[in-house]
Every structure is written in C-alpha cells, then in structure tokens.
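Biologist: I'm new to this structure and would like a close look at a single part of it. Could you pick out the sheet and walk me through how it is put together?

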Amino acid sequence: MSSIAAHESDALRMPDAQADHKPHGFLDRWLFTTNHKDIGTLYLVFSLLMFLVGGTMALVIRAELFMPGLQLVEPDFFNQMTTMHALIMVFGAVMPAWVGFANWMIPMMIGAPDMALPRMNNWSFWILPFAFAMLLSTLFMDSGGPAAGWTLYPPLSLQTGPSFAFVVFAVHMMGISSIMGSINVIATIMNMRAPGMTLLRMPLFVWTWLITAYLLMAVMPVLAGAVTMLLTDHFFGTSFFNAAGGGDPVMFQHIFWFFGHPEVYIMILPAFGVISEILPTFSRKPLFGYAAMVYATASIAFLSFIVWAHHMFTVGMPLEGELFFMYATMLIAVPTGVKVFNWVSTMWKGAMTFETPMLFALGFVVLFTIGGLSGLMLSIAAADLQYHDTYFVVAHFHYVLVPGSVFALMAGTYYWLPKWTGRMYSERWGKTHFWLSAIFVNVLFFPQHFLGLAGMPRRIPDYSPQFADFNQWSSIGGFLFGATQLIFVGVIVHCVWFSRKPARARVWESARGLEWTVPSPAPYHTFAEPPDIDESMVVHADEVSH
Amino acid sequence: MNRANTVIITLAVLAAVAAAFWLLLAAPALTGNEINMPVGVTAQSAIHYELHMVILKICVVIGVLVFGAMFTSIVLHRKSRGHRPAEFSHNTSAEIVWTIIPVLILISMAIPATTALVKMEDASGADLTIKVTGFQWKWKYEYLDEEVAFISALSADSNAARQLRSGIDPATVDNYLLDVDHPLVLPVGKKVRFLITADDVIHAWWVPDFGWKRDAIPGFVNEAWTLIEQPGTYRGQCAELCGKDHGFMPIVVEALPEPEFQAWLAAQKTRSQAEAQTVASEWTTDRLLERGRAVYATHCATCHQEDGGGLAPAFPALAGSPVSTGPLQENIRVVLEGREGTAMQAFGDLLSATDIAAALTYTRNAFGNDTGDVVQPRTIAETTQH
C-alpha cells in the first residue's frame, strides 16, 4: 500500500474518554440511536439491501428480454417489475445511500459533533423500512403491484387496483423521510460548522449535498401533491387528471416532472461531490477550479427547475414551449461541461495512483460523460421525436445513474470504508470488482443505444426478432453485472469483520479534510470540541488563502 | 520527459480513444444488426436523421478530446513513473474558454434544431386528414370526410405466438409483433394530417420511417403530419406505456400511389355502406354466433381470455358472470359505455352495431352461459341513437 503515508502519527487521536459511549443492547444501539454514524450505517446497509432487491427485479426484466417471445412472466407482471425496479432503485437505493453518506461524512467534514437534529434523524431513517415493506407488499396483493411505470402517469396508473393506496402512502412516507433528512442537512451545515470552516472552505461533497437538500425540500412536496391527487382521483371521485370530468392528464406530467427533473440531480449532485473529493486525493493535487465547481453545481440546480418538459416533447406542447425547454436543456451542458473539464484538469500533471476509489472515480468520469453526451442529443427536440420512449432513453439514464451515481457511491464506499471500520478492505478484490463492473455495465447498457435508435420502444416485455441480438448481449451483461455486485458485498463483509489490516487515521497519502484528522475507525463521538482549523487540514484553502 | 515524447504519447492516446469510439459505434453493424436511426421515407424524417447525426458527431469529437486528455494524463502523470504533482488549482483564462466554446457549439446546434421543429409543427395545407384514436390495445383510424373507419389490431399469427409459453417460435412468424389485421392505407406524395387522441389511457403513435411520434391522450387532440415519398409498408409501435399489452399494439402503414389509394378508398366506402345496410336486416343466430366468435377473439379475448375465464384479478371471467347471464339491457349498457376506472372500454365508440350485437350474442351463449338471447344489430343501433 504505497499510498498509506508511512509518516502518519497518532498525535491526532482523540482522548479515550471521548472515544466511545455506544449504548449496549441491539435495540438501544440501533433502533433508538441518535448518533449520526450509526444512522449513516443504517442508511447504507438499508440501501445496499434495496440495491440487491431492485437489482433482482432488473434481472427478471433482463431474463424475459433474453429472447423474443414470452417465456417467463405475464406482461402485467413484467410491468410491475419495471415499475418497482425504478421506484426501489430511485427511492430505496440511491437516495438513502446518499443520505447515509451525508450522515456519516458531513459532521466529520465540517467539524461538527453530530447532525443538528438527531432525533429527527432517527425518525427519518426508521420510516423507510416501513415505507418499503408497504411498497413491496403490493406485489403480494390480489390487485398486484403498480404497473404503470415509476412515473405513475394517469389515466393508466388509476387502473391499478386497491393496492394503489399503499403505493401512494409509501411514496408519501419516502417523501417525509427525504424532507426530514434534508432539513437536517441544511440545519447542520448552516449552524454547526467549526469556527474557521467558512462556506467557501467546505469540501465539495458538503456543498453538493447542501444544494441537493434545497432541491429535495423544493420538490418532494410537489411529488406528494401529485400522488395525493392521484389518490383522490382513484378512490374519492375527483377528476384532477380525468379529462371526462374536466381534468387534465397532461397536467400530471407537468407536475410530476417538475419534481422528476430536479430528482435526477438529487441523485447525481452528491456524486459530483464525492468524485471531487477522490480525484484530488489520488492525483495528489488540489481540486481544479473549486469556486467554479460550486457555482456550476448551483447553476445545474437552478436549471433543473426550468427544463422539466423536455421529458414531454411528444405530448403536443405549443412550438414556443418546445423551443424554450429545448434551449434551457441544452444550457445544462455548459455547467456540466465545466465540471468534467475541471476534473480532467485536476488529474492533469498530478501524480496519480489507482487504488479502487480512484478507479471507480475515473470510471465515473468517462461513463457519466457518455451519459451526459447522450443527454445532450436528447435535448434536441426534433430528434427527440424519434428518441423519446425508446431504449436510447433507457441507455441514457442508466449511464448517468449506474456508472454515474452508483459508481460514485461505490467510489465513496471504498474511499471512506477504512475510516468507518478502521480496517483496510481487500484492494485486490476491490479492483476486481471495479474492472468486472466497468466491463459488464457497458455490455449491459451500450447495446441499448443501438436498440433504441433502431426502433425498440421501452417498457415492452417482448419484441420483434430484429432486436434479438443486442437484447441478448444486454441480458448477458446484466446477469454478469449483477453477479459482480456480490463481490462488493463480499469486500464489505470482509472489511467489517475479517480484515486484519488496520487503517491509519489519514488512510490515503494525500487525503485532505477534517475527516482524516480523527482516528480510524472514527470514534463514536468526534469533534465534541470544535477543531482548530488550519490551512493544511481543509481541502480547499486556496480560495481564501490569497 | 521531453516535449516530443509527450506529444507522441498524446497523439497515440487520442488515436486509441478515437479507435475505441469507432469500434463501439461501427463494429456492431458488422453483425448485420441495425444500429442507427432510419433515414426514413419523408423529408421530415431525413431532417431528424441529419440532426441526429450532426449532434452525434459533435458528441463523439467532444468525447475523443476529453477522454484523450484524460487518458494522456493517466499515462503520463502517474506516481509510478515518478511524476511530481504540479500545484496549480485554477486558470481563469482556460475556464473562460471552456465555458464560451460549448456555448458557441450549442448556439450553432440550436439553429438547425429550431428550424426542424418549426417545420414539424406546421400541419397546414393537408390533402387528407386521418383521425387516429388509441384504445387498449388497438388503433382506430378514421378518414375524415370520407366516411371510412376501421380498427387495426395485432395480427392473429403474432397474437397466437406472443402468448406466454406459446411454443411458437417468433422467428417463424412474419413480422412478429409488427403486423396488424387492417393496416392504415395512405397515399404517396400527399400531405397527410393526423389528429391523434385516445379513448382510455395515453398511447403514442410512432412510425420510425416518418421521423416522429406523438402522444395520443384522452381529452386532447394532437396534430401531426407526414408526406410519404416512397410507396411501401412501414411499421411502428405504440411508444407510451398503456397497460399489459402495450408491447402488442403495432402500427402498419401501407403507402400506395395516388390512383391505387383512391381505388382502395372507394372499395372501403362501398364496403361500409353495405355493412350499414345489414344493420337493419334480421340476422340468423348462426351468423351472429359465427361473427361474434371472430369479434370476441379480436377485441375481448385479450382480457376475458379465449375460454371466457378472465385473468384475475383485473379482468373478470365472462363464463357464468352476473353481467353475461343477467339482464340483457345491463349487459348492453356495460359493453356500450364501458366501466370507468377499469380497462373495460366503451365499445359503442369502437365497434359497429353489428359487431357488438354479434359479440353479445356470442358471450351470452358461449362458455356455458346458455341464456338463449339473440341480440339483433338494430337493437344496438336503436340503443346508441337514444
């Protein structure tokens, strides 16, 4: 391990008296916990579990699509799988995982003893298992799970049976959890930074989460409103979205995507933050253009509110509307481009090493950029009249979500796992996990670009034989990618319980930031006394130091 | 390391990245599979194809440059080569340049994208108007002002093969899942305007060779147009999730030269007039049952199943059902008006009086529902007129 600094001393270790006040007993420790690290762990374990559940549903989809003809499942169950896969991955895997990272890392990065609102923190996590138990239970009900796609477009979603009420209530609970989580993040960052940790000294991960939290606060209530109107249309005879009763089915799409577009940035902005932590560490060079990165993130967040109808270029908007949403969407390429250029410039003339977190971060930059470029193609409204609702779109959003958000989650996990557990993970298995993931994720999703361009619509359980070859590639890639993730689980289990290799406080040779000034594993309580911050400890001192 | 070496490595990496892109984009075509958007058979589809190719090429160039720089750095600037890290953390002029250049690229892209869209939205001056209505899971085509209308659903061959574990190899079925019983017939060289709507849930009408898709939304009438340049058969599918058989409501357009189209249209008119006259006449039970079986297979069996057993929980059985064996008037009402909030459609808008009468006669006597009821077409016609 060349990257572990040999000169690391234990001088920064906290006094033992502060190190541990863990409650005894399983329930006291986990159910009643108000500790940000324990709650972070709960979030991360829960999201990993949901990642595997949602992944299994994806494998049902890919198995049915392995060849033309229906071999395994009825079309209605297929639609339940596509719907549930998306709901689970978005609300159960990616979002809670980022909240887990926020819980663990934000207090340690800004020198705070805990999150600002610890009891609410406990509640916002413990709502989730109930929300997802309820959502998943609909699969076992007579009327089946939701099958109208995660976008829940009426009138189709209103054809769901009585189980629809459970879906709506589950979405409400997820929304409440997210809103409480984001209130907590904002309150913590605004009030609990250690003296000297000015806003423009905060690590990028803290910045991206702060902006994400505002996005969440702004749009989750909008989603809650939309699904509540679906609920009353379904069960109480209202006609918000029923044209026959004077309602408007297209209005739902506007409301949904007013939530839905910021939602995709909610899933990717924290990823930008993690990548902006990892690349400087392993390039041994400060992040290029720190201030520009902050402003680019804020610009992307702002733009995310005024581009929603690019999901709706085919609904028959007036020409002026289509033009506005096309131009606004194209603009997003500018701040996103700034981010990518800055990451490459961070690497430029550095002294790079390629431990697992760095490999995942590099994979992220390349594959997220491919997803970003296909997004630019989709913004061209006239061409989108062809792309829309085809596998080209499926390929696009999976590139930004899987080798985008999920790779960033994995990069972050490998980066901070030694800090969380106090032990080193197996670098060999981590690298194996990366290379297999990077290869199979492309076998899985790249051919879907071709399928979409050649005319395969999305959300179909069966297809014409002309699409057979690439579907087969994609399915094979899917199964191998799925199997590869068991290595990830194995590496984590090994690191937590079996690894014999202790981690230093500053795990990575040139890692900077307050989290590396506390011992590994991070003691149960950190920064009970605010740290004295000097320039060498903070990640981005350059902007204020001259 | 000297400057010449750096340049050589940079060029080599750029070449490698470009080759990787080429391999990624071109090699799959060698397998004989279609990998790109069709150029299509209309001026509009050619414009959309051109836009797609231009933006794709811009994206590839950006990708090659960004990844080229990144991999060059990965090759050169690694600790294992003894590279010492530089300390720079920003460069204002570079940042301004790579903000402004993308803006210029986007502006150059926005111009053709805007003209293409303006053209697409101009459906004026059409020679012929077709109303397209999406139903779960078929299309209805009406030639406005021509009194010709018909339903277009998945062909019987594909429908048999697409059942779960049907045992029929899709490769043996002609145009599997892309074939219908009654294709939409259109003239070549004429501007055709489409008025697109839906009866139940949202669908989307899409033929890739025409270059666009448009949502069919209940309560809305969307406009689109095409001008087909070559005679031929063009196939597409519903492109908006519309329930369990979303994957099984294809679109087939047969484009004919104008004289042949007019002949076809005239034949259709004669047929529909003949059909209208049969409504008034008295039908025998056998004729009604025979026709009813066919109507049931096309329009009812998807949900209620061939044997009338239904598909629990959403689609009730007709065999022994209180509706199919209960009062006739209530049964007629359900079929004509549908059931709100379920997939049961209002067939009064969809099928002729004769078809509905035949289907009702069939369902009230098949599957052991021996009611003995015979429903005459004129009964239905009178009900719908009130």
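Modeller: Here is a tour of the sheet in chain B, followed by a short stop at a helix pair in chain A. Keep in mind that this is a predicted model. The sheet is an open one with 5 strands, and reading across chain B you meet them in the order β4-β10-β9-β6-β7. Their pairing is mixed. In general, strands of a sheet pair through backbone hydrogen bonds, and they can do that either parallel or antiparallel. At the two edges sit β4 (184-187) and β7 (212-216) of chain B, each with a pairing on one side only. Going from one strand to the next, the twist averages 25°.

Now zoom in on β6 (residues 203-207) and β9 (residues 232-238) of chain B: they pair in the antiparallel sense, over 2 bridges. If you want a spot to click on, try W206(B), which stands opposite Q237(B) in β9(B). The sheet also has a helix packed on it, namely α5 (residues 258-280) of chain B, which touches β4 and β10 (250-256) of chain B. The direction of α5 makes about 135° with that of β4(B).

Over in chain A, the axes of α4 (residues 75-110) and α8 (residues 249-283) come within 11 Å and cross at roughly 45°. That angle falls outside the parallel, perpendicular and antiparallel ranges, so α4(A) and α8(A) are oblique to each other. Their crossing is left-handed. Among the residues that meet there are F91(A) and W98(A) from α4(A), and F259(A) and I266(A) from α8(A). The residues of this contact split into 12 nonpolar, no polar and 2 charged.

Definitions and conventions: Residues are numbered from 1 along each chain as its sequence is written. Chains are lettered from A and ligands numbered from 1 in the order in which they are written. This is a predicted model: local features need pLDDT of at least 70, side-chain atom pairs count only at pLDDT 80 or more; totals for chains, interfaces and linings use all residues. Side-chain values use heavy atoms; hydrogens and water are left out. Axes are lines fitted to C-alpha atoms, for helices over the stretch in contact, and angles run from 0 to 180 degrees between N-to-C directions. Helices (H or I, at least four residues) and strands (E, at least two) are DSSP runs, numbered from the N terminus. Angles under 35 degrees count as roughly parallel, over 145 as roughly antiparallel, 65 to 115 as roughly perpendicular and the rest as oblique. A crossing is left-handed if the near helix is turned anticlockwise from the far one by less than a right angle, and right-handed if clockwise. Contact means heavy atoms within 4.5 Å. Ala, Val, Leu, Ile, Met, Phe, Trp, Tyr, Cys and Pro count as nonpolar, Asp, Glu, Lys and Arg as charged, and the others, Gly among them, as polar. Two strands pair if DSSP finds at least two bridges between them.
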